[in-house]
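Colleague: I'm new to this one, so could you take me on a close look at a single part? I'd like to hear about the salt bridges and whatever helps me place them.

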Amino acid sequence: MLFFSTIGNLGRDAELKLQDGREFVTFTIATTDFFKDAMGNKQETTQWISCTINGRNESLLPFLKKGVKVFIIGRGSARL
């Protein structure tokens, strides 16, 4: 099991979803890294992370709006 933490900005407003009688909140965050390439030019790369919060968390929806900076910590899985 993978545990991780990251800071990023929400790519869209969070959504409350219902599947198989279970409720959950979904959202995506973007994390951007800046670096210089071999020629000294500034480059950036953005990673998109899909997040799900299980359970009744609709009270979070007013706070999870596009562009908001968030700190995420939890269990996860990685796919390339």
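Modeller: Here is a walk through the salt bridges, followed by a look at the other features around the fold.

Keep in mind that this is a predicted model. The structure holds 4 salt bridges. Let's begin with the one that links arginine 12 to glutamate 15, where the side chains come together at 3.5 Å, N to O. That falls inside the cut-off, because a salt bridge needs the nitrogen within 4 Å of a carboxyl oxygen. How buried or exposed is arginine 12? Its relative accessible area is 33%, so arginine 12 is partly exposed. Glutamate 15 is partly exposed too, with a relative accessible area of 33%.

Now look at aspartate 13, whose side chain meets that of lysine 65 in a salt bridge of 3.9 Å, N to O. Aspartate 13 sits in the loop between S1 and strand S2 (15-19), while lysine 65 sits in the loop between S4 and S5, so this pair ties together parts that are 52 residues apart in sequence. As for cover, aspartate 13 has a relative accessible area of 35%, which makes it partly exposed. Lysine 65, at 37% relative accessibility, also counts as partly exposed.

Next come glutamate 58 and arginine 56, with side chains that form a salt bridge at 3.0 Å, N to O. This pair isn't on its own: Glu23, Arg56 and Glu58 are joined into one network by salt bridges that share partners. Within that network, glutamate 58 counts as partly exposed at 31% relative accessibility. Arginine 56 reaches 61% relative accessibility, so it counts as exposed.

With the charged pairs in place, turn to the nonpolar side of things. Ile7, Phe71 and Ile73 make up a nonpolar patch on the surface, and together they have about 360 Å² of accessible area. You'll find isoleucine 7 in strand S1 (residues 2-10).

S1 turns up again at the largest pocket, so that's a handy next stop. The largest pocket holds about 630 Å³ of space. Of the 21 residues lining the largest pocket, Phe4, Ile49, Ser50, Gly76 and Ser77 are the closest to its centre. The elements that give two or more residues to that lining are S1, strand S4 (42-54) and strand S5 (69-76). Which element gives the largest share of the lining? That is S4, with 7 residues. Sorted by kind, the residues of the lining divide into 13 nonpolar, 6 polar and 2 charged.

Two more spots are worth finding on your screen. One is aspartate 20, in the loop between S2 and strand S3 (22-36). Phi of aspartate 20 is near 55°, a positive value in a residue other than glycine. Aspartate 20 counts as exposed, at 76% relative accessibility.

The other is arginine 79, which lies in the segment after S5. Arginine 79 is exposed as well, with a relative accessible area of 77%. To get a sense of scale, compare its place with that of phenylalanine 35: the C-alpha atoms of arginine 79 and phenylalanine 35 are separated by 23 Å, and the two residues are 44 residues apart along the chain.

If you want one thing to carry back to the picture, go to the pair of aspartate 13 and lysine 65, which ties together two loops, one between S1 and S2 and the other between S4 and S5.

Definitions and conventions: Residues are numbered from 1 along each chain as its sequence is written. This is a predicted model: local features need pLDDT of at least 70, side-chain atom pairs count only at pLDDT 80 or more; totals for chains, interfaces and linings use all residues. Side-chain values use heavy atoms; hydrogens and water are left out. Patches are made of residues with over 30% relative accessible area and no salt bridge: like charges are joined within 9 Å, nonpolar side chains (Val, Leu, Ile, Met, Phe, Trp, Tyr) within 5 Å. Accessible areas come from the Shrake-Rupley method with a 1.4 Å probe; for residues, only the protein chains shown count as cover. Helices (H or I, at least four residues) and strands (E, at least two) are DSSP runs, numbered from the N terminus. On a 1 Å grid over the protein atoms alone, a cavity is a set of points where a 1.4 Å probe fits but cannot get out, and a pocket is an open set with protein on both sides within 12 Å along at least five of seven lines; lining residues have an atom within 4 Å of a point. Grid points are joined across faces, edges and corners, and a volume is the space filled by probe spheres set on the points. Ala, Val, Leu, Ile, Met, Phe, Trp, Tyr, Cys and Pro count as nonpolar, Asp, Glu, Lys and Arg as charged, and the others, Gly among them, as polar. Buried means under 20% relative accessible area, exposed over 50%, partly exposed in between (1.4 Å probe, protein chains only).
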